[in-house]
Amino acid sequence: MVYQSEDIFARLNEALDAFEPQERQDLVKQVNGVFEFQIKKDSSANAEVKVWHAEVKNQGVIKTGPAPGNPDITLYLTDEDMVALAVGDLSGARAFITDRIGLKGPMMMAMKLDVIFRTLGMGPPKGAEGDLGYDGFESSFLILQIAEYLHVLTEEERKAEVAKVKGVFLFNVKNGKGDTAVWMMDMKNGVGLMKKGKIDGLKPDITLEMKDKDFVDLFMGKTNGQKAFMTGKIKVKGAIMLALKLDTMMKDTQEKIGFFKSKL
């Protein structure tokens with residue numbers, strides 16, 4: 001039985017083979033994971049399943065068949081959705097939120113699918129609306145997930161979220177190299193907005209400064225928000241009560257969409 005995904009994986013391999021050794025190692029360093037793809041021919045219960053794997057942890061290879069050893073992440077999706085991801089009609093973040101992809105493993109690793117596709121010349125075009133990422137920041141995947149979550153809510157649901165929070169947040173996040181990523185989240189006006197950089201004409205009610213790892217740990221629930229504020233892992237300027245609302249909002253979001261948890 002012919003799978004459209006066969007062509008996608010062949011094209012990915014061609015792109016990977018054309019890489020210089022340093023380019024391949026850069027991709028491996030950025031992704032650092034082994035993916036297994038369990039792809040159903042269609043959405044029917046007894047549909048045929050074909051398996052591929054992408055080892056993007058040591059050498060950087062994509063092959064047919066199960067991953068050697070235990071993969072870091074296993075993805076379950078249809079042939080049609082695999083193609084949609086690869087050609088950019090469907091982003092990884094939106095696919096996870098709308099349950100078009102099932103997964104076993106950490107969501108943070110799954111979110112790096114877009115990195116693989118983009119680096120190999122596929123997936124959502126960089127710079128398109130909704131692209132909030134900074135190279136070298138794992139926080140980018142969190143921000144994109146939050147933005148996609150807002151997009152899949154109805155207008156009334158988004159207004160309700162804004163009414164609960166009533167604040168404009170500015171995030172200044174530093175990575176291990178000393179680079180800074182800036183995002184602004186407007187949960188005070190309209191239906192809410194997440195933006196890379198600052199929003200023109202809008203002043204933050206609260207500014208939060210933190211390291212990339214601490215931001216990830218906070219959103220994944222590994223770090224308690226209040227404790228992070230008290231120990232100085234997160235520095236706050238402005239309306240401190242909004243920091244507590246942010247912590248609550250993130251917990252609510254995790255419960256609603258299964259943030260960073262396996263869905264199978």
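## Arg24 and its partner

Arg24 is buried, at 18% relative accessible area. That is under the 20% cut-off for a buried residue. This is a predicted model, and in it Arg24 makes a salt bridge to Asp17, with 3.8 Å between the closest N and O atoms. Asp17 sits on the other side of the accessibility scale: its relative accessible area is 55%, so it counts as exposed.

## More salt bridges

Searching the whole structure turns up 12 salt bridges. One of them pairs Lys50 with Glu6, and here the closest N and O atoms are 2.5 Å apart. Lys50 belongs to strand β2 and Glu6 to helix α1 (residues 4-17), so this pair ties together parts that are 44 residues apart in sequence. How accessible are the two partners, Lys50 and Glu6? Lys50 is partly exposed, with a relative accessible area of 26%, and Glu6 is partly exposed too, at 32%.

The salt bridge between Asp217 and Lys213 is a local affair. Its closest N and O atoms are 2.8 Å apart, and both residues lie in helix α9, 4 residues apart, or about one turn of the helix. Asp217 counts as buried at 11% relative accessibility, whereas Lys213 is exposed at 57%.

## Helix α9, mostly covered

What about the rest of that helix? α9 spans residues 212-219, and 7 of its 8 residues are buried, so the helix is largely enclosed by the rest of the structure. The buried set is Asp212, Asp214, Phe215, Val216, Asp217, Leu218 and Phe219. It includes three aspartates alongside Phe, Val and Leu side chains.

After α9 comes Gly221, which has a positive phi, near 85 degrees.

## His53 in strand β2

Is His53 buried or exposed? With a relative accessibility of 7%, His53 counts as buried. Its place is in strand β2, which runs over residues 49-56.

The His53 side chain has backbone oxygens to talk to. A polar atom of that side chain lies 2.9 Å from the backbone oxygen of Gly65, and the side chain also reaches the backbone oxygen of Pro66 at 3.2 Å. Leaving out residues up to four places away in sequence, His53 touches Phe35, Glu36 and Phe37, plus the run Val61, Ile62, Lys63, Thr64, Gly65, Pro66, Ala67 and Pro68.

## Two positive phi values outside glycine

Most residues other than glycine have a negative phi, which makes the next two worth a look. Asn32 has a positive phi near 55 degrees. It is found in the loop between α2 (21-31) and β1 (33-40), and at 41% relative accessibility Asn32 counts as partly exposed.

Lys166 also has a positive phi, about 55 degrees, without being a glycine. Its loop runs between α8 (155-165) and β6 (167-174). Lys166 is exposed, with a relative accessible area of 55%.

## Tyr134 and its contacts

Tyr134 lies in the loop between α6 (113-119) and α7 (139-152). It is partly exposed, at 21% relative accessible area. Which residues does Tyr134 contact, leaving aside neighbours within four places in sequence? They are Ser140, Thr180, Ala181, Val182, Trp183, Lys196 and Gly197.

Tyr134 can also be placed relative to Lys29: the two are 105 residues apart in sequence, and their C-alpha atoms are 15 Å apart in space.

## The annotated domain and a nonpolar patch

An unreviewed UniProt entry carries the annotation "domain: SCP2" for residues 12-117 and 154-251. The 154-251 span is 38% helix and 32% strand, and its end C-alpha atoms lie 20 Å apart.

On the surface, Ile240, Met241 and Leu244 make up a nonpolar patch, with about 290 Å² of accessible area together. Ile240 belongs to helix α11, residues 240-257. At 46% relative accessibility, Ile240 counts as partly exposed.

Technical notes:
Residues are numbered from 1 along each chain as its sequence is written. This is a predicted model: local features need pLDDT of at least 70, side-chain atom pairs count only at pLDDT 80 or more; totals for chains, interfaces and linings use all residues. Side-chain values use heavy atoms; hydrogens and water are left out. Buried means under 20% relative accessible area, exposed over 50%, partly exposed in between (1.4 Å probe, protein chains only). UniProt positions are given in the numbering used here, feature names are shortened, and annotations may be inferred rather than shown by experiment. Patches are made of residues with over 30% relative accessible area and no salt bridge: like charges are joined within 9 Å, nonpolar side chains (Val, Leu, Ile, Met, Phe, Trp, Tyr) within 5 Å. Accessible areas come from the Shrake-Rupley method with a 1.4 Å probe; for residues, only the protein chains shown count as cover. A salt bridge is a side-chain nitrogen of Lys or Arg within 4 Å of a carboxyl oxygen of Asp or Glu. A polar contact is a pair of N or O atoms within 3.5 Å; within protein, one must be able to donate a hydrogen and the other to accept it, and residues adjacent in sequence count only if both atoms are side-chain atoms. Contact means heavy atoms within 4.5 Å.
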